[in-house]
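Subject: Structure for you to look at

Hi,

Here is the structure I promised to hand over. My notes follow below it.

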Amino acid sequence: MFLFEGKDGSYKVSKHWHRSVEIFLVREGTLCFYINSRKYPLEPGQFVVVNSNEVHSIDSPDPNQTVVLQIPRGLFEKYIGDEGENLLFAHGCSKDTQMADLVGHMYDAYVQKKDGHLFAILSDFYSLLYHMVTQMRIPEVDEEHKKQQKNLDKLSHITSYIQANYKEDLTLEGVARIFGYSPAYLSRMFQKYAGINYKAYVLELRTEAGYRLLMNTVQPVGEIAMACGFPDSRSFTKAFRKRYGMPPGEYRKKF
């Protein structure tokens with residue numbers, strides 16, 4: 001549980017996915033989610049649930065306070081057995097005040113750290129899980145969703161490797177060879193199940209890494225570019241401008 005890193009606005013998170021279930025609760029400001037290309041605008045008091053292996057991106061143009069709660073998929077499997085593997089939840093409802101209240105209470109208890117706050121957090125957390133399974137669960141999961149889950153699980157192993165090695169030369173051919181696929185097959189997997197081509201995925205990952213260094217260090221732009229796998233500062237600046245609307249040096253000064 002933590003605050004969304006795009007709290008200052010002018011921030012974007014590119015398409016990605018993971019095995020954990022995520023809940024985003026907006027308490028101040030606004031946030032715009034895209035899940036499988038469908039738009040979910042959020043205002044204060046509203047939340048969205050991102051299912052395991054759902055491809056999503058985030059647009060945060062304005063300052064906001066958004067609480068993020070990540071729940072490992074295995075935790076559901078621990079309590080409800082094999083059903084947990086294919087759990088699917090409704091993405092959210094502005095009328096579901098109980099869900100928003102539980103996440104809000106958990107975060108407040110975590111920040112205030114009063115006596116016994118961990119018990120309060122755990123109490124709300126298990127109430128939250130119960131509410132999700134009994135009130136938000138989609139009962140029928142079609143075969144296409146199950147197939148997508150399995151393929152994105154496979155793809156997650158590959159993207160974990162890319163995330164750990166984004167500074168290196170990550171050609172499609174080289175990564176495909178490491179995982180025993182043909183370049184054409186790996187390219188199709190990215191396009192079909194992640195909705196993004198391989199080259200764009202790597203570029204987005206490197207640009208986001210550059211953003212974090214830009215905002216949290218005093219490294220020169222040229223050094224940041226090289227540290228994030230770009231061939232030179234010019235290519236980093238081009239990617240950064242396209243993503244954030246201005247060159248990295250100007251962005252750093254402004255924000």
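A strand here is a DSSP run of E with at least two residues, and strands are numbered from the N terminus. With that in hand, asparagine 53 can be placed: it lies in the loop between strand S6 (47-50) and S7. Please keep in mind that this is a predicted model.

Two backbone oddities

Asparagine 53 is not a glycine, yet its phi is positive, at about 60°. The residue counts as buried because its relative accessibility is 3%, and buried means under 20%.

Serine 10 also has a positive phi without being a glycine, with a value near 50°. Its place is the loop between strand S1 (2-3) and S2. Serine 10 has 27% relative accessibility, so it counts as partly exposed.

The sheet

Four strands form an open sheet. Their order is S2-S7-S4-S5, and the pairing is antiparallel. The edges are strand S2 (11-16) and strand S5 (38-42). Each has a single partner strand, so one side of each has no neighbour in the sheet. From one strand to the next, the twist averages 15°.

Inside this sheet, strand S4 (residues 31-35) pairs with strand S7 (residues 56-60) in the antiparallel sense. Four bridges join the two. For cysteine 32, the bridge partner in S7 is aspartate 59.

Arginine 27

Arginine 27 sits in strand S3 (residues 21-29). Its relative accessibility is 29%, so it counts as partly exposed.

Which residues does arginine 27 contact, leaving aside its neighbours within four places in sequence? They are Pro44, Gly45, Gln65, Val67, Gly104, Tyr107 and Asp108.

Leucine 42 is 15 residues from arginine 27 in sequence. In space, the two are 9.6 Å apart, C-alpha to C-alpha.

A nonpolar patch

On the surface, Tyr79, Leu122 and Tyr126 make a nonpolar patch of about 320 Å². Of these residues, tyrosine 79 belongs to helix H1 (residues 73-80).

For a quick tour, these are the places to select:

- Asparagine 53, for a positive phi at a buried position.
- Serine 10, for a positive phi at a partly exposed position.
- Strands S2 and S5, for the edges of the open sheet.
- Cysteine 32 and aspartate 59, for a bridge pair between S4 and S7.
- Arginine 27, for the contacts, among them Tyr107 and Asp108.
- Tyr79, Leu122 and Tyr126, for the nonpolar surface patch.

Best wishes

Key:
Residues are numbered from 1 along each chain as its sequence is written. This is a predicted model: local features need pLDDT of at least 70, side-chain atom pairs count only at pLDDT 80 or more; totals for chains, interfaces and linings use all residues. Side-chain values use heavy atoms; hydrogens and water are left out. Patches are made of residues with over 30% relative accessible area and no salt bridge: like charges are joined within 9 Å, nonpolar side chains (Val, Leu, Ile, Met, Phe, Trp, Tyr) within 5 Å. Accessible areas come from the Shrake-Rupley method with a 1.4 Å probe; for residues, only the protein chains shown count as cover. A salt bridge is a side-chain nitrogen of Lys or Arg within 4 Å of a carboxyl oxygen of Asp or Glu. Two strands pair if DSSP finds at least two bridges between them. Axes are lines fitted to C-alpha atoms, for helices over the stretch in contact, and angles run from 0 to 180 degrees between N-to-C directions. Buried means under 20% relative accessible area, exposed over 50%, partly exposed in between (1.4 Å probe, protein chains only). Contact means heavy atoms within 4.5 Å.
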